[in-house]
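Visitor: Please walk me through this model. Justify each label as you go.

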Protein chains: 2
Amino acid sequence: MAPAARRRITVPGLRGSDRAVPAATVARLPLYLRALVALEDGGVPKVSSDQLAAHAGVTSAKLRKDLSFLGSYGRRGVGYDVAGLRASIEDEMGLTRDLPVLIVGVGNLGHALANYGGLSGRGFRVVGLVDSAEPLIGTTVAGVRIRPVTELEMLVSQHPGCIGVVAVPAMAAKEVTDRLVRAGVRSILTFAPVTLDVPSGVHVRKVDLAVELQILAYHERARTEAVAG
Amino acid sequence: MAPAARRRITVPGLRGSDRAVPAATVARLPLYLRALVALEDGGVPKVSSDQLAAHAGVTSAKLRKDLSFLGSYGRRGVGYDVAGLRASIEDEMGLTRDLPVLIVGVGNLGHALANYGGLSGRGFRVVGLVDSAEPLIGTTVAGVRIRPVTELEMLVSQHPGCIGVVAVPAMAAKEVTDRLVRAGVRSILTFAPVTLDVPSGVHVRKVDLAVELQILAYHERARTEAVAG
DNA sequence: TAGATTGTTAATCGATTAACAATC
DNA sequence: TAGATTGTTAATCGATTAACAATC
């Protein structure tokens with residue numbers, strides 16, 4: 001009988017899905033990536049888990065556990081190769097080629113995002129800005145011309161796999177989200193303080209400034225009452 | 001004459017500290033609060049955990065567990081009193097009187113926050129805007145005059161217990177944070193993509209737009225590769 | 001009472017942490 | 001070899017979920 005041909009334990013063609021990276025780890029990989037980029041820019045070739053963890057603001061045990069999900073990229077007794085680990089994380093995160101980003105709503109927030117230096121050059125490219133306000137149409141922000149919302153669907157089809165950013169007032173957020181989803185967008189970042197219902201398979205991340213402040217308020221209250229107690 | 005409307009079942013003088021509310025619950029209370037405000041504005045007097053959970057985008061089991069940490073504010077077979085539960089959460093979160101907010105850095109992001117309607121009227125009041133750019137000094141945003149950064153310490157001392165918002169470029173974030181902490185601020189919201197070291201007892205919440213996009217990129221990559229397989 | 005819904009329990013799941021054998 | 005540091009294990013901790021007795 002034939003010897004078992006070298007069998008991978010993983011399902012062919014499903015690379016990545018075999019060793020599911022925990023959500024908490026995925027959320028920290030960008031922090032490590034940023035620290036690594038800074039070290040590389042500073043000409044540092046090697047780094048230990050202790051050093052890298054300090055840069056990223058986590059414990060070294062957590063860092064090593066996180067990196068272990070990507071594979072073994074360190075050398076015992078030595079540490080990690082800065083450039084190599086950086087490339088590994090970029091690869092794992094899907095940042096090897098620029099990801100198109102479409103920003104809906106060019107108020108102060110949309111403006112801030114379009115101008116954010118941390119986007120271009122870090123794996124993202126703003127490919128579209130749309131707004132519903134007449135006076136804005138045709139003007140440019142960060143080198144990109146603002147288009148009417150009616151062109152949203154066209155822009156999405158021109159940039160398959162793009163990330164949609166919802167930076168419109170709360171009132172308009174549901175409709176914009178529905179349109180993005182219908183047009184084929186499956187990754188959405190929203191700043192609107194409303195609950196968005198999307199089909200399963202669509203990823204939504206929500207950044208809510210009021211919520212962040214309210215969480216801080218909770219701790220501030222706890223402190224004040226402890227003193228007044 | 002006012003009858004004692006509210007009784008406390010908790011240990012006197014230890015209110016709050018005896019039943020530590022889990023961090024995950026604290027982060028969700030603002031979502032419930034927002035849903036309750038919307039219901040109240042709509043004239044809805046009662047709500048079940050199923051309904052409220054749907055509004056907030058969580059499961060009803062999770063909602064009931066979360067609320068159980070605040071005490072028993074529902075009635076079996078009936079549901080929750082919308083106004084009453086709203087007041088309880090606001091009380092628990094420390095939103096009964098306006099919390100002063102000091103925004104450092106009035107670029108697009110600081111601008112967006114200062115103009116954000118969800119702040120005033122929801123427990124917060126922007127009491128100061130500071131920036132280092134000469135041309136901005138003296139101009140007003142959302143009715144607040146922009147002051148030079150040199151007045152940061154004075155503003156903090158005028159508003160004890162205020163929340164500091166760091167909306168300056170990454171380069172300046174560390175120094176601004178140190179100054180806020182030295183001046184006595186113990187709650188900080190930062191948008192700068194850098195690791196901030198603060199003394200224990202100081203709460204920092206970090207909102208990082210690039211990190212959010214990178215997390216979405218990870219899922220987008222996973223999908224693309226599954227298809228390309 | 002009969003139906004509805006909470007508050008709580010117990011099981012499960014996922015994340016963190018400390019420690020150390022493996023190994024450079 | 002001796003010292004350093006990773007990768008992994010096992011224990012702990014915290015969060016989620018399902019189910020249902022309590023009770024309105």
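Guide: Start with Ala142(A), which is partly exposed with a relative accessible area of 48%.

Visitor: What makes Ala142(A) partly exposed?

Guide: Buried means under 20% relative accessible area, exposed means over 50%, and partly exposed is in between (1.4 Å probe, protein chains only). Ala142(A) has 48%, so it falls in between. Ala142(B) is partly exposed too, at 49%.

Visitor: What kind of model is this?

Guide: This is a predicted model: local features need pLDDT of at least 70, side-chain atom pairs count only at pLDDT 80 or more, and totals for chains, interfaces and linings use all residues, while side-chain values use heavy atoms and leave out hydrogens and water. Residues are numbered from 1 along each chain as its sequence is written, and chains are lettered from A and ligands numbered from 1 in the order in which they are written.

Visitor: What is the phi of Ala142(A)?

Guide: Positive, about 55°, although Ala142(A) is not a glycine. Most residues other than glycine have a negative phi. Ala142(A) sits in the loop between strand 6 (140-141) and strand 7 (144-148) of chain A. In chain B, phi of Ala142(B) is also positive, near 55°. That residue lies in the loop between strand 6 (140-141) and strand 7 (144-148) of chain B.

Visitor: How do you know the span of helix 1 of chain A is close to what is expected?

Guide: Helices (H or I, at least four residues) and strands (E, at least two) are DSSP runs numbered from the N terminus. The expected span of a helix is 1.5 Å times one less than its number of residues. Helix 1 (residues 23-41) has 19 residues, for which 27 Å is expected, and reaches 28 Å from its first C-alpha to its last. Helix 4 (residues 82-93) of chain A agrees as well: its 12 residues should span 16 Å, and its end C-alpha atoms are 16 Å apart.

Visitor: Where does helix 1 of chain A have a kink?

Guide: At Leu29(A), shortly before the proline Pro30(A), with a bend of about 25°. The bend is the angle between axes fitted to the seven residues ending at a residue and the seven starting there. Leu29(A) and Pro30(A) are among the buried residues of helix 1. The C-alpha atoms of Leu29(A) and Leu67(A) are 8.4 Å apart, though 38 residues separate them along the chain. Leu67(A) is in helix 3 (residues 60-68) of chain A. Its relative accessible area is 3%, under 20%, so Leu67(A) is buried.

Visitor: What follows helix 1 and helix 4 of chain A?

Guide: Just after helix 1, Gly43(A) takes a positive phi of about 80°. Helix 4 is followed by Gly94(A), whose phi is positive, near 75°.

Visitor: Why is the contact of Arg34(A) with Asp208(B) called a salt bridge?

Guide: A salt bridge needs a side-chain nitrogen of Lys or Arg within 4 Å of a carboxyl oxygen of Asp or Glu. The closest N and O atoms of Arg34(A) and Asp208(B) are 2.2 Å apart, so the pair qualifies. Arg34(A) lies in helix 1 of chain A and Asp208(B) in the loop between strand 10 (203-206) and helix 8 (209-228) of chain B, so the pair joins two chains. Both residues are buried.

Visitor: How many salt bridges does the structure hold?

Guide: There are 22 over all chains. One of them joins Glu90(B) and Arg86(B), at 3.1 Å from N to O. These two are four residues apart in helix 4 (residues 82-93) of chain B, so about one helical turn separates them. In chain A, Glu40(A), Arg86(A) and Glu90(A) are linked in a network of salt bridges. Glu220(B) and Arg223(B) also pair, at 3.2 Å. Both lie in helix 8 of chain B, three residues apart, and both are buried.

Visitor: Which residues of the lining of the largest pocket are closest to its centre?

Guide: The largest pocket has a volume of about 1500 Å³. Of its 42 lining residues, the closest to the centre are Arg205(A), Lys206(A), Glu212(A), Arg205(B) and Glu212(B).

Conventions
1 Å grid on protein atoms, 1.4 Å probe; cavity = no way out; pocket = protein on both sides within 12 Å on 5 of 7 lines; lining within 4 Å. Points joined across faces, edges and corners; volume = space filled by probe spheres on them.
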